[in-house]
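Work through the three exercises below with the structure in view. Each task is followed by a stepwise solution.

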Amino acid sequence: MESTVLERITIKPDVCNGKPTVRGMRITVETILQFLSAGDDVETILEAYPFLEKEDIQACIAYS
């Protein structure tokens with residue numbers, strides 16, 4: 001399962017300066033982790049970024 005989850009994290013030199021992102025979009029793993037560390041829950045993040053999926057956030061946590 002973990003390899004499937006981590007397939008959602010991509011690193012491309014031309015996207016966000018090569019930082020790990022969610023599915024090649026311009027939302028970084030770092031950004032998601034900052035939201036979580038600030039106390040935001042998964043539902044709040046999903047409301048703010050409706051193009052994300054719960055599995056994307058789980059992938060960010062697993063990646064970290």
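**Exercise 1. Determine what share of the protein chain is buried, and describe its overall build.**

Solution.
- The model is predicted.
- Buried residues account for 28% of the 64 residues in the protein chain.
- The chain holds 4 helices and 2 strands.
- Read from the N terminus, the order is α-β-β-α-α-α.
- The radius of gyration is 11 Å, close to the 11 Å from the globule rule for 64 residues, so the chain is as compact as a globular protein of that length.
- Along the principal axes, the C-alpha atoms fill a box of roughly 30 × 25 × 20 Å.
- Take contacts between residues at least 6 apart in sequence: 44% of them join residues at least 24 apart.

**Exercise 2. Classify the packing of α2 against α4 and give the character of the contact.**

Solution.
- Helix α2 spans residues 29-37, and helix α4 spans residues 54-63.
- Their axes lie 9 Å apart, at an angle of about 95°.
- Angles of 65 to 115 degrees count as roughly perpendicular, so α2 is roughly perpendicular to α4.
- From α2 come Val 29, Ile 32, Leu 33 and Leu 36; they meet Ile 57, Cys 60, Ile 61 and Tyr 63 of α4.
- By class, this contact of α2 with α4 has 8 nonpolar residues, no polar and no charged ones.

**Exercise 3. Place Arg 8 and list its contacts.**

Solution.
- Arg 8 sits in the loop between α1 (2-6) and β1 (9-10).
- Leave out residues up to four places away in sequence; Arg 8 then touches Thr 21, Val 22, Arg 23, Glu 53, Glu 55, Asp 56 and Ala 59.
- With Glu 53, the Arg 8 side chain makes a side-chain polar contact at 3.0 Å.

Notes. Residues numbered from 1 in each chain as written. Predicted model: local features only at pLDDT ≥ 70, side-chain atom pairs only at ≥ 80, totals over all residues. Heavy atoms only, no water. Axes fitted to C-alpha atoms, helices over the stretch in contact; angles between N-to-C directions. Parallel < 35°, antiparallel > 145°, perpendicular 65-115°, else oblique. Contact = heavy atoms within 4.5 Å. Nonpolar A, V, L, I, M, F, W, Y, C, P; charged D, E, K, R; others polar. Polar contact = N/O pair within 3.5 Å; in protein donor to acceptor, adjacent residues only side chain to side chain. Rg over C-alpha atoms; globule rule 2.2 N^0.38 Å. Buried < 20%, exposed > 50% of the residue type's maximum accessible area, 1.4 Å probe, protein only.
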